[in-house]
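Subject: Structure for your review

Dear colleague,

Please find below the structure that I am handing over to you, followed by a summary of the findings. I should be grateful for your comments in due course.

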There are 2 protein chains.
Amino acid sequence: MRVPILKLHEYLLISIQVELDDKTALQFQEDLLTKIHDTGAKGIVIDLTSVDMVDSFIAKVLGDVVKMSNLMGAKVVLTGIQPPVAITLIDLGIHMRDVPTALDLEQGLDKLQLDLEG
Amino acid sequence: MRVPILKLHEYLLISIQVELDDKTALQFQEDLLTKIHDTGAKGIVIDLTSVDMVDSFIAKVLGDVVKMSNLMGAKVVLTGIQPPVAITLIDLGIHMRDVPTALDLEQGLDKLQLDLEG
């Protein structure tokens, strides 16, 4: 199963609405990096509204994909982090310190636009 | 399996990147109508770029979902229809006469914006 990635102008929008098992998460990582390369996207919003639980592996993959995307020149905003996901991330010591977050997809996109223009 | 639906302001964006079997297509139809109801979306872009084949059932479901969405007050634009899909649709006599189409997601969204503002 693959996580769909939507290209909108210079942004990539991803709403994770499937259950993220290990294989899907790694496939998503690979797909996203390929898509950044192919499209030259400058900004990425990963919306986690529908994700109500993460384990340590998925949390690590998410953290990694943010760092990898940054390395490739694309800014990532994580949106819609649910309370249990926030709890798990902090409990696991994954602080996502330098990762901008926002409440939902719209606000995430606004944040990216402000950032890339400013 | 479900087709993810992204809400962006007053629009819903759908990029179909899974294989549409009969069950998935019907689930998508139901999910989309529910989402229109929940969000009050005015416009919908269904991007078919990754769909390289449709059968008569899927084609009918797609045609139906457009009509149903219209009934609920949301305008639908189909984008990224691939040559084999266009051939199948016309061969099947599904002309989508009143359905606006566009090359890709961006142009579909532009079309909706023009339409809803105009």
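A pocket here is an open set of grid points where a 1.4 Å probe fits, with protein on both sides within 12 Å along at least five of seven lines. Please bear in mind that this is a predicted model.

By that definition, the largest pocket has a volume of about 300 Å³. Its lining comprises 16 residues, and those closest to the centre are A:S15, A:Q17, A:S50, B:I5 and B:K35. At least two lining residues each come from α4 of chain A and from β1 (6–8) and α1 (22–39) of chain B. By character, the lining of the largest pocket divides into seven charged, five nonpolar and four polar residues.

Turning to the interface, chain A and chain B each bring 14 residues to the contact. About 1500 Å² is buried between the two chains, with 67% of this on carbon and sulfur atoms. On the side of chain A, the greatest losses of area fall to A:L6, A:Q17 and A:E106, which together make up 36% of what that side buries.

Two salt bridges are counted between chain A and chain B. One of them pairs A:E106 with B:K7, whose closest N and O atoms are 2.6 Å apart. Six residue pairs are in polar contact across the interface. In chain A, β1 (6–8), β2 (11–15) and α4 (105–117) each supply at least two residues of the side that touches chain B. That side consists of nine nonpolar, three polar and two charged residues.

Yours sincerely

Conventions: Residues numbered from 1 in each chain as written. Chains lettered and ligands numbered in written order. Predicted model: local features only at pLDDT ≥ 70, side-chain atom pairs only at ≥ 80, totals over all residues. Heavy atoms only, no water. Contact = heavy atoms within 4.5 Å. Buried area = accessible area lost by both parts, 1.4 Å probe. Salt bridge = Lys/Arg side-chain N within 4 Å of Asp/Glu carboxyl O. Polar contact = N/O pair within 3.5 Å; in protein donor to acceptor, adjacent residues only side chain to side chain. Helix = DSSP H or I, 4+ residues; strand = E, 2+ residues; numbered from the N terminus. Nonpolar A, V, L, I, M, F, W, Y, C, P; charged D, E, K, R; others polar. 1 Å grid on protein atoms, 1.4 Å probe; cavity = no way out; pocket = protein on both sides within 12 Å on 5 of 7 lines; lining within 4 Å. Points joined across faces, edges and corners; volume = space filled by probe spheres on them.
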